[in-house]
Amino acid sequence: MIITLEKSATEKQVQDIKDALSTYGGTVTKVNTQGGFYLVAVGGKEFDIRVIGGLDGVKDVHYVRDPYQLVSRQWKVKPTAIDLGDGVLIGADEHQVMAGPCSIEGEAQVRASVAHLVSVGARIMRGGVFKPRSSPYSFRGLGLEGLKMWSDIAHENGIKIVTEVLDASQIEMIYPYVDMYQVGARNSQNFTLLDALGRVDKPVLLKRGMSGTLEELLQSAEYIFSNGNEKILLCERGIRTFEKAYRNVLDLNAVPYLKDKSHLPVVVDPSHGVGVRKYVAQMALAGVVAGADATLLEVHEKPEQAKSDAAQTLSFDEATRVIKQIRELKF
Ligand code: PEP
Ligand code: MN
């Protein structure tokens, strides 16, 4: 059950609401976010919500039967749009493309990528500076110095940036330079990281775990929201199955499912999702048809020379083509 409180609700009123919930039992948690104040009640008995609806300090009250609450669409039917500022919205009318290299590798690469994005009118650049790699001997990213360089160049050119945060200890350090944090597939259930990202006010792109169910993804999003940050995007990036023909299986069923179950915007990452350059464009278009609000693409000036994920990275020309096709498709 979600009780949305009036912004002006006093402590006394909140206590009266909690008292009225005593017959419900379960757990009642107060959640304060940038967007509002809520009481989230779970695990109790059947309860007539009209008892709560008329109390002072209550804006509205909804029964939510999902195992997740605040990210559920059962109380917030209208989809949420995430505002990155300067007219860059995800989950509104325009389909957004977040394109860029798997890893930030150096200034020349960043300048070329930014110029490419500007030339196609894309507003968000992706790139990793802290890279989660299967092998500790692989390229691990340029770190904070690389991020500062990238952030300067991107912002000078009106481009927003999204980068992966590997650990809660990095959140504050990178805060001034990023527009959106990315939680990678390997951290999709890192609950201390999710808790900590709930305490910042910048958007979080939350990827699905490689073997994570959609319910687990939504529960992970609930961690962020219930800690105070409503600005969350859900990302389908492919899951591991018995199929070995390509890197992952891009589960596009997830798109209509997540849009139905949650009010949060949905992003599709066909680059990691299929993992094979020549199939990425088709799967990107399929994601748009499935209803994605944004597409994440790995793009590099010289894809075969990319320091990570070369096999799935598009060239500038390939990216330009698919971005144009996405815009034609958007209906
Ligand atoms: C990435 O976006 O480069 C990345 C590491 O993604 P994922 O966490 O989906 O593997
Ligand atoms: Mn990658």
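**Metal site, pockets and local features of the predicted model**

Q182 sits in strand β10 (residues 180-183). Helices (H or I, at least four residues) and strands (E, at least two) are DSSP runs numbered from the N terminus. The model is predicted: local features need pLDDT of at least 70, side-chain atom pairs count only at pLDDT 80 or more, and totals for chains, interfaces and linings use all residues. Residues are numbered from 1 along each chain as its sequence is written, chains are lettered from A and ligands numbered from 1 in the order in which they are written, and side-chain values use heavy atoms, with hydrogens and water left out.

Q182 counts as buried, at 5% relative accessibility. Buried means under 20% relative accessible area, exposed over 50%, and partly exposed in between (1.4 Å probe, protein chains only). Leaving aside residues up to four places away in sequence, Q182 touches R126, V162, T163, E164, V165, L205, K207 and L296. Contact means heavy atoms within 4.5 Å.

Helix α4 comprises 14 residues (143-156). At 1.5 Å a residue, α4 should span 20 Å, and its end C-alpha atoms are 20 Å apart, which agrees. The expected span is 1.5 Å times one less than the number of residues. Buried positions in α4 are G143, G146, L147, M149, W150, S151, I153 and A154. An α-helix has 3.6 residues a turn, so residues three or four places apart point the same way. The buried residues of α4 pack against two helices, α3 (107-120) and α5 (171-174), and two strands, β8 (124-126) and β9 (160-164). G158 follows α4 and has a positive phi, near 75°.

The manganese ion (ligand 2) is coordinated by C102 (SG), H272 (NE2), E298 (OE) and D309 (OD), at 2.0 to 2.4 Å. Donors are N, O and S atoms within 2.8 Å of the metal (3.2 Å for Na, K and Ca); water is not among the atoms, so sites may look incomplete. The donor residues are spaced C-x169-H-x25-E-x10-D in sequence. C102 and H272 link distant parts of the chain, 170 residues apart. C102 lies in the loop between β7 and α3, whereas H272 belongs to helix α9 (residues 270-274). Both C102 and H272 are buried. The donor D309 is found in the loop between β14 (294-298) and α11. Phi of D309 is positive, near 55°, in a residue other than glycine.

H272 also appears in the lining of the largest pocket. This pocket has a volume of about 460 Å³. Of its 28 lining residues, the closest to its centre are R186, M210, R237, R247 and H272. A pocket is defined on a 1 Å grid over the protein atoms alone, as an open set of points with protein on both sides within 12 Å along at least five of seven lines; a cavity is a set of points where a 1.4 Å probe fits but cannot get out, and lining residues have an atom within 4 Å of a point. Grid points are joined across faces, edges and corners, and a volume is the space filled by probe spheres set on the points. The lining of the largest pocket has 12 charged, nine polar and seven nonpolar residues. Here Ala, Val, Leu, Ile, Met, Phe, Trp, Tyr, Cys and Pro count as nonpolar, Asp, Glu, Lys and Arg as charged, and the others, Gly among them, as polar.

The second largest pocket has a volume of about 160 Å³. Among the 13 residues that line this pocket, T4, G35, G36, Y38 and K59 are the closest to its centre. Strands β1 (2-5), β3 (37-42) and β4 (58-62) each give two or more residues to this lining. By class, the lining has six charged, four nonpolar and three polar residues.

The structure holds one cavity of 30 Å³ or more. The largest cavity has a volume of about 60 Å³. Its lining consists of E94, H95, Q96, V97, G121, A122, R123, I323, I326 and R327. Helix α11 (316-329) and strand β7 (96-100) each supply at least two of these residues. The most come from α11, with three. Four lining residues are nonpolar, three polar and three charged.

D86 has a positive phi of about 55° although it is not a glycine. Most residues other than glycine have a negative phi. D86 lies in the loop between β5 (82-83) and β6 (89-90). D86 counts as exposed, at 62% relative accessibility. Y279, in helix α10 (residues 277-290), is partly exposed, with a relative accessible area of 37%. Y279 and Q312 are 33 residues apart in sequence, with their C-alpha atoms 8.6 Å apart in space.
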